[in-house]
Amino acid sequence: MRTSSTTPDRTLAAPYERSSPTLDVAEVVATAARRALLTAVRAAPGLWRIIGRDGRVVGHIRATGQGATLRYGALRYQPLSRAFRDLGDFWSCEQALDTLRLSR
């Protein structure tokens, strides 16, 4: 029989604890951006600046919520108006990045 001092019991009553939920979201955004051949740079808590291969700002990815309600918002940068256009919220970071990358 295991004692609680040797190994923690990971049941529904005691879920696996991570050091920081923000760090996990940052890893998801950075990995998804690399797969899309983009670069993600943290701009603020819950906000990442997405940079294209040519070094220009494509837009921002915004993470809101936690756990099952986590959503990723895509904001496309419009250089002529120097403003961001909201492209919507998505359930996955990959969808938000694809929408950001493919929008004009």
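## Starting at a turn: arginine 82

Arginine 82 is exposed, with a relative accessible area of 71%. This is a predicted model, and arginine 82 makes a handy first stop in it. Arginine 82 sits in the loop between S4 and S5. Its phi is near 55°, a positive value in a residue other than glycine.

Leucine 37 is another residue to look at for its backbone. Here phi is near 60°, again a positive value in a residue other than glycine. You will find leucine 37 in the loop between H1 and strand S1, which covers 39–44.

## Strands and hairpins

Let's follow the strands along the chain, beginning with S2 and S3. These two pair in the antiparallel sense, with five bridges between them. Isoleucine 50 has glycine 59 of S3 standing opposite. Five residues lie between the strands of this hairpin, and among them glycine 55 takes a positive phi near 90°.

Next come S3 (residues 57–64) and S4 (residues 71–78), which run antiparallel and are joined by six bridges. Arginine 62 has glycine 73 in S4 as its bridge partner. The hairpin of S3 and S4 has six residues between the strands, and glycine 65 has a positive phi near 85° there.

S4 also pairs with strand S5 (residues 83–90), in the antiparallel sense and over seven bridges. In this pairing, arginine 76 stands opposite arginine 85 in S5. The hairpin of S4 and S5 has four residues between the strands, and its turn holds arginine 82, our starting point. As a reminder when you look at side chains here, those of a regular strand alternate between the two faces of the sheet.

## Salt bridges

How many salt bridges does the structure hold? There are four salt bridges in the structure, and three of them are described here.

One of them brings together aspartate 89 and arginine 62, whose side chains meet at 3.1 Å, N to O. The pair links distant parts of the chain, since aspartate 89 is in strand S5 and arginine 62 in strand S3, 27 residues apart. Aspartate 89 is partly exposed, with a relative accessible area of 39%, and arginine 62 is partly exposed too, at 23%.

Glutamate 94 forms a salt bridge with arginine 35, and the closest N and O atoms are 3.9 Å apart. Glutamate 94 belongs to helix H2 and arginine 35 to helix H1 (residues 21–35), so this salt bridge ties together parts that are 59 residues apart in sequence. Glutamate 94 counts as partly exposed, at 35% relative accessibility, whereas arginine 35 counts as exposed, at 63%.

Arginine 56 pairs with aspartate 54 in a further salt bridge, with 3.8 Å between the closest N and O atoms. Is each partner buried or exposed? Arginine 56 is exposed, with a relative accessible area of 62%, and aspartate 54 also counts as exposed, at 57% relative accessibility.

## The nonpolar core

Which residues touch the most other members of the largest nonpolar core? They are Ile50, Ile61, Tyr72 and Leu97, out of 21 residues in this core. The elements that give two or more residues to the core are H1, strand S2 (47–51), S3, S4, S5 and H2. H1 gives the most, with five residues.

For background, nonpolar side chains tend to be buried together in soluble globular proteins. Isoleucine 50, named above among the core residues with the most contacts, is also the residue that stands opposite glycine 59.

## The largest pocket

The largest pocket holds about 420 Å³ of space. Its lining has 16 residues, and the closest to the centre are Gly52, Asp54, Val58, Arg76 and Arg104. Two of these have already appeared: Asp54 as the salt-bridge partner of arginine 56, and Arg76 as the residue opposite arginine 85.

Which elements contribute to the lining? S3, S4 and helix H2 (93–102) each supply at least two residues. S4 provides the largest share, with three residues. By type, the lining residues divide into eight nonpolar, two polar and six charged.

Conventions:
Residues are numbered from 1 along each chain as its sequence is written. This is a predicted model: local features need pLDDT of at least 70, side-chain atom pairs count only at pLDDT 80 or more; totals for chains, interfaces and linings use all residues. Side-chain values use heavy atoms; hydrogens and water are left out. Two strands pair if DSSP finds at least two bridges between them. On a 1 Å grid over the protein atoms alone, a cavity is a set of points where a 1.4 Å probe fits but cannot get out, and a pocket is an open set with protein on both sides within 12 Å along at least five of seven lines; lining residues have an atom within 4 Å of a point. Grid points are joined across faces, edges and corners, and a volume is the space filled by probe spheres set on the points. Ala, Val, Leu, Ile, Met, Phe, Trp, Tyr, Cys and Pro count as nonpolar, Asp, Glu, Lys and Arg as charged, and the others, Gly among them, as polar. Buried means under 20% relative accessible area, exposed over 50%, partly exposed in between (1.4 Å probe, protein chains only). A nonpolar core is a set of buried Ala, Val, Leu, Ile, Met, Phe, Trp, Tyr and Cys residues joined through side-chain atoms within 4.5 Å.
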